[in-house]
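Here is a short report on one protein model and its ligand. Keep the structure open while reading.

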Amino acid sequence: MPSGQRRAISAFQSRLRWRDHFIQKFEMEARMEWVSVNAGYRTLHKPVKPQWIQAWETGHTGIPMVDACMRCLNATGYLNFRMRAMLVSFLSHHLWQPWQQGAHHLAQQFLDFEPGIHYPQLIMQAGETGTYTIRIYNPVKQGQDHDPQGHFVRQWVPELAACPDAGIHTPWRMDLFAQSASGIRLGESYPLPLVDLEQSGRHARRVLWAKRNDPAVRAEARRILQKHIIKGRRWA
Ligand SMILES: Cc1cc2nc3c(=O)[nH]c(=O)nc-3n(C[C@H](O)[C@H](O)[C@H](O)COP(=O)(O)OP(=O)(O)OC[C@H]3O[C@@H](n4cnc5c(N)ncnc54)[C@H](O)[C@@H]3O)c2cc1C
């Protein structure tokens, strides 16, 4: 068998093992549908902002890659793993909203909705397990890395169709002349960004890494590892 095929099959097999691992974990702690698996994170204070949740659900946050992904998901029912993770990171880290506020909307959109994968993945991407690393996605970098010419953003956010490549992931950085030349009136034809990504990312990083050292979080992390890992396996 050609080595490329062998690699593809082994990658697929490892994803199926992830699937079974997450489903088993959910079976053993089904309260993950409502609360973080690590009880130490249940004291995190995240005031709910219904308008921000609605902007996130409808793809009107003012962050083009986030809006394009959500509109694509709402229309097609599919997004790849990384963009699913970015949507949750944007909601729970940058908008500082409880992951529970996004769980049902995503579940209703995913054609492949599987609660056993969905809820553990939401908690993991929100950085509330205490056992996995904390990944705070920068949606601008994700856009520049994975949609450098803005084809995906222009397809799903037609308000930015005439935007030059240089401004497609950061229209708020374009001067007024460039905005009007592209037919964009930020705050009218397309929203201004809900948050300053650098500030919101810094805040989330500071709070979540400090929380990681909380004795309650550490004790729970030990409990989770004991309960969910098979000795010699590398994940929990
Ligand atoms: C917030 C979030 C929510 C998710 N919700 C779901 C869900 O409801 N249903 C779902 O099937 N997957 C879910 N995933 C996992 C993953 O994103 C999808 O399985 C994958 O993107 C589907 O693409 P595919 O059909 O091309 O699968 P492939 O990449 O070809 O993978 C094949 C199968 O492996 C399993 N799988 C793949 N990646 C993962 C993973 N990271 N964790 C666990 N199992 C995996 C799935 O059963 C998938 O159908 C979620 C991921 C995130 C970050």
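Is α4 largely enclosed by the rest of the structure or largely exposed? In this predicted model, 12 of the 14 residues of α4 are buried, so the helix is largely enclosed by the rest of the structure.

**Helix α4**

α4 covers residues 81-94. Its 14 residues reach 19 Å from first C-alpha to last, close to the 20 Å expected at 1.5 Å a residue. The buried residues include Met83, Arg84, Leu87, Ser89, Phe90 and His94. Polar and charged side chains are thus named beside nonpolar ones in the buried set, among them Arg84, Ser92 and His93. The cover over these buried residues includes α2, α3, α5, α6, α7 (139-146) and α10 (197-212).

Both ends of α4 have a feature to check. At the start, a side-chain oxygen of asparagine 80 reaches to within 3.3 Å of the backbone nitrogen of arginine 82. After the helix comes tryptophan 96, with a positive phi near 50°.

**Serine 89**

Serine 89 sits in α4. It is buried, at 0% relative accessible area. Leaving aside neighbours within four places in sequence, serine 89 contacts His94, Gln125, Arg135, Ile136 and Tyr137. With Tyr137 there is a polar contact: a polar side-chain atom of serine 89 lies 3.0 Å from the backbone nitrogen of tyrosine 137. Serine 189 is 100 residues away from serine 89 along the chain, and their C-alpha atoms are separated by 26 Å.

**Nonpolar cores**

Which members of the largest nonpolar core touch the most other members? They are Trp56, Leu87, Phe90, Leu106 and Leu160, out of 45 residues. At least two core residues come from each of α2 (50-58), α3 (64-76), α4 (81-94), α5 (100-109), α6 (115-125) and α8 (151-156). Another core lies apart from this one. It has eight residues, among them Tyr41, Trp96, Ile134 and Ile136.

Tryptophan 56 deserves a look in the viewer. Not counting residues up to four places away in sequence, tryptophan 56 touches Thr61, Val66, Met70, Leu87, Phe90, Leu91, Leu95, Gly102, His105 and Leu106. Leu87, Phe90 and Leu91 in that list are also among the buried residues of α4.

**Ligand surroundings**

There are 21 residues around the ligand. Arg15, Tyr78, Asp112, Glu114 and Gln121 come nearest. The table lists polar contacts with the ligand.

| Residue | Residue atom | Ligand atom | Distance |
|---|---|---|---|
| Tyrosine 78 | polar side-chain atom | oxygen | 3.1 Å |
| Phenylalanine 81 | polar backbone atom | oxygen | 3.5 Å |
| Histidine 118 | polar side-chain atom | nitrogen | 3.3 Å |

Tyrosine 78 thus appears both among the nearest residues and in a polar contact with the ligand.

**Cysteines**

How many disulfides does the structure hold? It holds zero. Cysteine 72 is in no disulfide, and the nearest cysteine sulfur, that of cysteine 69, is 7.0 Å away. Cysteine 72 counts as buried, at 8% relative accessibility. Why is cysteine 163 without a bond to cysteine 69? The sulfur of cysteine 163 is 17 Å from that of cysteine 69, its closest cysteine sulfur, and this is too far for a bond. Cysteine 163 is buried too, with a relative accessible area of 3%.

Methods: Residues are numbered from 1 along each chain as its sequence is written. This is a predicted model: local features need pLDDT of at least 70, side-chain atom pairs count only at pLDDT 80 or more; totals for chains, interfaces and linings use all residues. Side-chain values use heavy atoms; hydrogens and water are left out. A nonpolar core is a set of buried Ala, Val, Leu, Ile, Met, Phe, Trp, Tyr and Cys residues joined through side-chain atoms within 4.5 Å. Buried means under 20% relative accessible area, exposed over 50%, partly exposed in between (1.4 Å probe, protein chains only). Helices (H or I, at least four residues) and strands (E, at least two) are DSSP runs, numbered from the N terminus. Contact means heavy atoms within 4.5 Å. A disulfide is a pair of cysteine sulfur atoms within 2.5 Å. The expected span of a helix is 1.5 Å times one less than its number of residues. A polar contact is a pair of N or O atoms within 3.5 Å; within protein, one must be able to donate a hydrogen and the other to accept it, and residues adjacent in sequence count only if both atoms are side-chain atoms. A residue is near a molecule or strand if one of its heavy atoms lies within 4 Å of it.
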